[in-house]
Amino acid sequence: MTSVRDKLLQELNPGEVVPPRCKVTIVGVGQVGMACAFSILQSGVADDVTLIDVMEDKLQGEVLDLQHGSLFLKTPIIRAAKDYSETANSKLCIITAGVRQREGETRLNLVHRNVEVYRNIVPLLAQYSPDAILLIVSNPVDVLTYVAWKLSGFPQERVIGSGTNLDSARFRFLMGERLHIHPSSVHGYIIGEHGDTSVAVWSGANVAGVNLQSLSPDLEREQDSEGWPGVHKNVVESAYEVVRLKGYTSWAIGLSVCNLTQSILRNLRIVHPVSTLVKGFHDIQEEVFLSLPCVLGWPGVCGVLNQPLREHEAYQLKQSAQTLWSVQRELSL
Amino acid sequence: MVITWWYLYLALRRLCRQTWIMASVMQKLITPLASGPAEPPRNKVTVVGVGQVGMACAVSILLRELADEMALVDVMEDKLKGEMMDLQHGSLFLKTPTIVADKDYSVTANSRIVVVTAGVRQQEGESRLNLVQRNVNIFKHIIPQIVKYSPNCTLVVVSNPVDVLTYVTWKLSGLPKHRVIGSGTNLDSARFRYLMAEKLGIHSSSFNGWILGEHGDSSVPVWSGANVAGVSLQKLNPDIGTDADKENWKEAHKMVVDSAYEVIRLKGYTNWAIGLSVADLTESLIKNLNRIHPVSTMVKGMYGINDEVYLSLPCVLNNGGVASVVNMTLTDEEVGQLRKSAETLWGIQKDLKDL
């Protein structure tokens, strides 16, 4: 008895499987991982989204929930990988997995624990998708991007940390609020470490090329009457604030990662502040990853902008590099 | 005399210089032009409830760029503020310039669409009908406030049991019936189309099939209408949807009914699919598309139903709400199932207090 399918359709090339061209693998289906997945699915930029996690039921449930929305999406393959072999042929692997800081835990200890987690993830991703780009989101992102780079053996242009792309987005949002302008028209970069010691490049902050510091030379100093330095301080604290209020952050980082994904998969060559190997830039000698403005495209980091920095800005970067190196050299990779 | 004028001149010059230095960066940067009182937003969407479902709806609507303003309301103040901030921090990547949130409903004023997701969640194994009175009491606080601040809005009810709560919302709001919609079986139909399409190896948007009636265990799959490119599946397989069917297509409908329970069992709740489904409805409403969706609407007077109940039927949605309802050709058995659902729902509704 012929099935309904056979009566309905005349297949022309049965069994032919064309491998996906823009496959994205997301490791970790926590709040951040799912926010990244959801944003990427809605943008329609990938033709295959594969999720993987150690928590099997949660993974299965999340993928099922996404699949049920297929009617409203344009990504035909949404799957839960049973093991890393199903992540094969990914163009982009986004790692959000990792353990959270325990109360009173030192950063070094957190890093050690996350290195162990990454040991079970990165080599396998690299094995099954040897040409992929790795995008690291888990914190501390700069150190973990270095760890992923070491564990994967990939060239530096294919290992990127989400870095200060989000900090810069928050910065531009807050600046935009003050000036009553949309954030996309307010330009300003936060670079360096994603965290407490990030560097706001006030010398570059501008609207339509009008340098804000030229309008108010005191802009970044403590005594600035309008409190502009507070904007950067606000950015640094905002993650803690959101975590305090709702328990975690998800939507903003999801949108930020989707933004980076689009630049890479669509080869847009948009400049983003992301974590890249900074040895050789701004007089830094250590092999560390920090955020600098990078041109992102299909090959990964196509180029790094030679952004002129003031002396104190470059100095802060060097300090961050030294701090990160002191953590990294204790790791056995 | 000359000296006084000179001193006056110096003072004036000093004042000007100080004013220039004192002028804010914004004042120096921009010369204002068009001003006047701020106009109210034209496509404002409010989401009530910032739980997993509410936030999935909010993010889906933001990602589709449907609203020019989004308002969030909830009773949990910290969570509400945290969610608002998290969305605002993504503003660079969005095209919705105003995102606000407050416990006070005044923040929802002038909304076009209000999505209601507030309420308590289905527990594992709990049927939707068991949630009823718990959620009715919550709605008594919410609905009148929404209507007070947005008397011209269209209400989209998502909280479960959605059909009963859409009825409750209609009663509490005093709005005409075409402006109160339940998300209904829009999601069930989307799941059905996905599962059926998978079996055929095609995209869900190319599989046409409707699930109507109650959003829940007794939903009605209209097998007679299931088709691909106009080819009726029932004509290819007259047993489709029955127990006699060797290919067991009925399984697809069973999976739809079970799928919510399955996802809840695996991850604790469902949110992504319902979020996408609600954004889909919102798009038809806001953009005045006249697209047809299976949503929960007041069915008294149709198919021999004499009670005031809400069930899902194919509705034409536009900026006025439900413009019209499609007269589906249903088999006697399917009509019977709808009437049975209506009876069950009315059995619950007639006992509800304080409506």
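Here, buried means under 20% relative accessible area, exposed means over 50%, and partly exposed covers what falls in between. Keep these cut-offs at hand for the exercises below, which explore a predicted model.

**Exercise 1. Decide whether B:N248 is buried, partly exposed or exposed, and say what marks its backbone.**

Step 1. Find the residue: B:N248 sits in the loop between α8 (233-236) and α9 of chain B.

Step 2. Compare its accessibility with the cut-offs. The relative accessibility of B:N248 is 37%, so this residue counts as partly exposed.

Step 3. Look at the backbone. The phi angle of B:N248 is near 55°, which is a positive value in a residue other than glycine.

**Exercise 2. Do the same for B:Y303.**

Step 1. B:Y303 is found in the loop between β12 and β13 (310-318) of chain B.

Step 2. Its phi is positive, about 55°, although B:Y303 is not a glycine.

Step 3. With a relative accessibility of 19%, B:Y303 counts as buried.

**Exercise 3. Describe the overall build of chain A.**

Step 1. Start with the secondary structure: chain A has 11 helices and 14 strands.

Step 2. Turn to the radius of gyration. For chain A this is 21 Å, close to the 20 Å that the globule rule gives for 333 residues, so the chain is as compact as a globular protein of that length.

Step 3. Add the outer dimensions: along the principal axes, the C-alpha atoms of chain A fill a box of roughly 85 × 45 × 40 Å.

Step 4. Look inside. Of the 333 residues in chain A, 57% are buried. Among contacts in chain A with a separation of 6 or more, 69% come from residues 24 or more positions apart.

**Exercise 4. Work out how chain A and chain B meet.**

Step 1. Count the residues taking part: 62 residues of chain A are in contact with 62 residues of chain B.

Step 2. Consider the area. About 5,700 Å² is buried between chain A and chain B, and carbon and sulfur atoms give 70% of this. In chain A, the residues that lose the most area to chain B are A:H68, A:F72 and A:W251, together 14% of what that side buries.

Step 3. Count the polar links. Across the interface of chain A and chain B there are 24 residue pairs in polar contact. Several helices of chain A each supply at least two residues to the side that touches chain B, including α2 (31-43), α3 (56-67) and α9 (229-246). The most comes from α3(A), with nine residues.

Step 4. Sort the residues on this side of chain A by kind: 28 are nonpolar, 21 polar and 13 charged.

**Exercise 5. Which salt bridges involve A:K246 and B:K267?**

Step 1. Recall the principle: side chains of opposite charge can pair when their charged atoms come close.

Step 2. Take the totals. The structure holds 27 salt bridges over all chains, and the count between chain A and chain B is five.

Step 3. A:K246 pairs with B:D86, with the closest N and O atoms 2.7 Å apart.

Step 4. B:K267 pairs with A:E62, with the closest N and O atoms 2.6 Å apart. This link crosses between chains, running from helix α9 (residues 250-267) of chain B to helix α3 of chain A. Both B:K267 and A:E62 are buried.

**Exercise 6. Trace the salt-bridge network that includes B:E283 and B:R291.**

Step 1. B:E283 and B:R64 meet in a salt bridge at 3.0 Å, N to O. B:E283 lies in helix α10 (residues 272-286) of chain B and B:R64 in the loop between α3 (52-63) and β2 (69-73), so the pair ties together parts that are 219 residues apart in sequence.

Step 2. B:R291 forms a salt bridge with B:D280, the closest N and O atoms lying 3.1 Å apart. Here strand β12 (residues 291-298) of chain B, which holds B:R291, is linked to helix α10, which holds B:D280.

Step 3. Check accessibility: B:R291 is partly exposed at 30%, whereas B:D280 is buried at 9%.

Step 4. Put the network together. Salt bridges with shared partners join B:R64, B:D280, B:E283, B:K287 and B:R291.

**Exercise 7. Locate the cis peptide bonds before A:P140 and B:P161.**

Step 1. In chain A, the bond from A:N139 to A:P140 is cis, with omega near -5°. A:P140 lies in the loop between β5 (133-136) and α6 (141-152) of chain A.

Step 2. In chain B, the bond from B:N160 to B:P161 is cis, with omega near 0°. B:P161 is in the loop between β5 and α6 of chain B.

Step 3. Examine B:N160 itself. B:N160 is buried, at 17% relative accessible area, and its side chain reaches the backbone nitrogen of B:V162 at 3.2 Å.

Notes: Residues numbered from 1 in each chain as written. Chains lettered and ligands numbered in written order. Predicted model: local features only at pLDDT ≥ 70, side-chain atom pairs only at ≥ 80, totals over all residues. Heavy atoms only, no water. Contact = heavy atoms within 4.5 Å. Buried area = accessible area lost by both parts, 1.4 Å probe. Salt bridge = Lys/Arg side-chain N within 4 Å of Asp/Glu carboxyl O. Polar contact = N/O pair within 3.5 Å; in protein donor to acceptor, adjacent residues only side chain to side chain. Helix = DSSP H or I, 4+ residues; strand = E, 2+ residues; numbered from the N terminus. Nonpolar A, V, L, I, M, F, W, Y, C, P; charged D, E, K, R; others polar. Buried < 20%, exposed > 50% of the residue type's maximum accessible area, 1.4 Å probe, protein only. Rg over C-alpha atoms; globule rule 2.2 N^0.38 Å.
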